[in-house]
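I have opened my notebook to a fresh page, and you are welcome to read along. Here is what I looked up, in the order I looked it up.

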Amino acid sequence: MVKLIIGHKGSGKTKKMIDLANSTVEESDGSIVFINKNHRLMYDLSHKIRVVCMEDYPHITNSDEYIGFIYGIISSDHDIDVMFIDGILKHADVSLGNLPEFINRLKTISDNFELDFVVSLSAEKEEMIGVDFSGCEVLN
């Protein structure tokens with residue numbers, strides 16, 4: 001399942017994701033991955049969470065490469081239960097325009113590999129034109 005945390009900048013999305021990731025890692029038997037734009041959150045997350053900082057991968061520049069990157073993470077750890085992606089609109093040229101396709105691809109990956117995605121977006125639901133929210137859960 002793809003779970004979305006939406007709202008404009010400053011609405012507490014990242015704090016909610018950190019809290020959710022830290023509580024999820026305590027309840028989960030599998031691996032938890034947290035993808036963030038930079039190293040800023042590294043010490044706010046449990047040491048049991050694999051933190052991936054996108055600034056370490058500057059050559060991932062579009063949504064196709066980003067999806068390939070996600071497949072690479074999954075292929076290196078078949079025990080991932082949840083993958084958190086904070087601020088997706090700040091990563092790899094993902095925009096509101098290509099968000100519908102990106103969310104659909106995450107849904108497919110989620111179904112194929114039996115893992116959940118929790119994604120934060122700096123936008124309101126009304127701004128996400130064309131996104132199919134079936135198979136998604138909005139957490140706020």
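**Entry 1: the cores**

I began with the largest nonpolar core, which has 33 residues, and found that Y66, I70, M83 and F117 touch the most other members. I should say right away that this is a predicted model. Next I asked which elements give two or more residues to this core. They are strand 1 (2-6), strand 2 (31-36), helix 2 (63-76), strand 4 (80-85), helix 3 (99-113) and strand 5 (116-121). Helix 2 provides the largest share, six residues.

I then noted that another core lies apart from this one, with 13 residues. A21, V25, F34 and V82 are among them.

I also picked out M83 and listed what it touches, leaving aside residues up to four places away in sequence. The list runs V33, I35, I70, I73, I74, L115, D116, F117 and V118.

**Entry 2: two helices side by side**

How do helix 2 and helix 3 lie relative to each other, roughly parallel or roughly antiparallel? I looked up their axes, which come within 11 Å and cross at roughly 15 degrees. Angles under 35 degrees count as roughly parallel, so that is how I describe helix 2 and helix 3. The crossing of helix 2 past helix 3 is right-handed.

For the contact itself, I wrote down S63, D64, Y66, I67, I70, Y71 and I74 from helix 2. From helix 3 come F102, R105, L106, I109 and F113. Sorting the residues of this contact, I get nine nonpolar, one polar and two charged.

**Entry 3: V52**

I found V52 in strand 3 (residues 50-53). Is V52 buried or exposed? Its relative accessible area is 6%, and buried means under 20%, so V52 is buried.

Which residues does V52 touch, not counting those up to four places away in sequence? I noted V33, F34, I35, N36, Y57, F69 and I73. I also checked V52 against A92: the two are 40 residues apart in sequence, and their C-alpha atoms are 14 Å apart in space.

**Entry 4: E114**

My last stop was E114, in the loop between helix 3 and strand 5. E114 is not a glycine, yet it has a positive phi of about 50 degrees. I jotted down the background too: most residues other than glycine have a negative phi. Finally I looked up the accessibility of E114, which is 70% in relative terms. Exposed means over 50%, so E114 counts as exposed.

Conventions. Residues are numbered from 1 along each chain as its sequence is written. This is a predicted model: local features need pLDDT of at least 70, side-chain atom pairs count only at pLDDT 80 or more; totals for chains, interfaces and linings use all residues. Side-chain values use heavy atoms; hydrogens and water are left out. A nonpolar core is a set of buried Ala, Val, Leu, Ile, Met, Phe, Trp, Tyr and Cys residues joined through side-chain atoms within 4.5 Å. Buried means under 20% relative accessible area, exposed over 50%, partly exposed in between (1.4 Å probe, protein chains only). Helices (H or I, at least four residues) and strands (E, at least two) are DSSP runs, numbered from the N terminus. Contact means heavy atoms within 4.5 Å. Axes are lines fitted to C-alpha atoms, for helices over the stretch in contact, and angles run from 0 to 180 degrees between N-to-C directions. Angles under 35 degrees count as roughly parallel, over 145 as roughly antiparallel, 65 to 115 as roughly perpendicular and the rest as oblique. A crossing is left-handed if the near helix is turned anticlockwise from the far one by less than a right angle, and right-handed if clockwise. Ala, Val, Leu, Ile, Met, Phe, Trp, Tyr, Cys and Pro count as nonpolar, Asp, Glu, Lys and Arg as charged, and the others, Gly among them, as polar.
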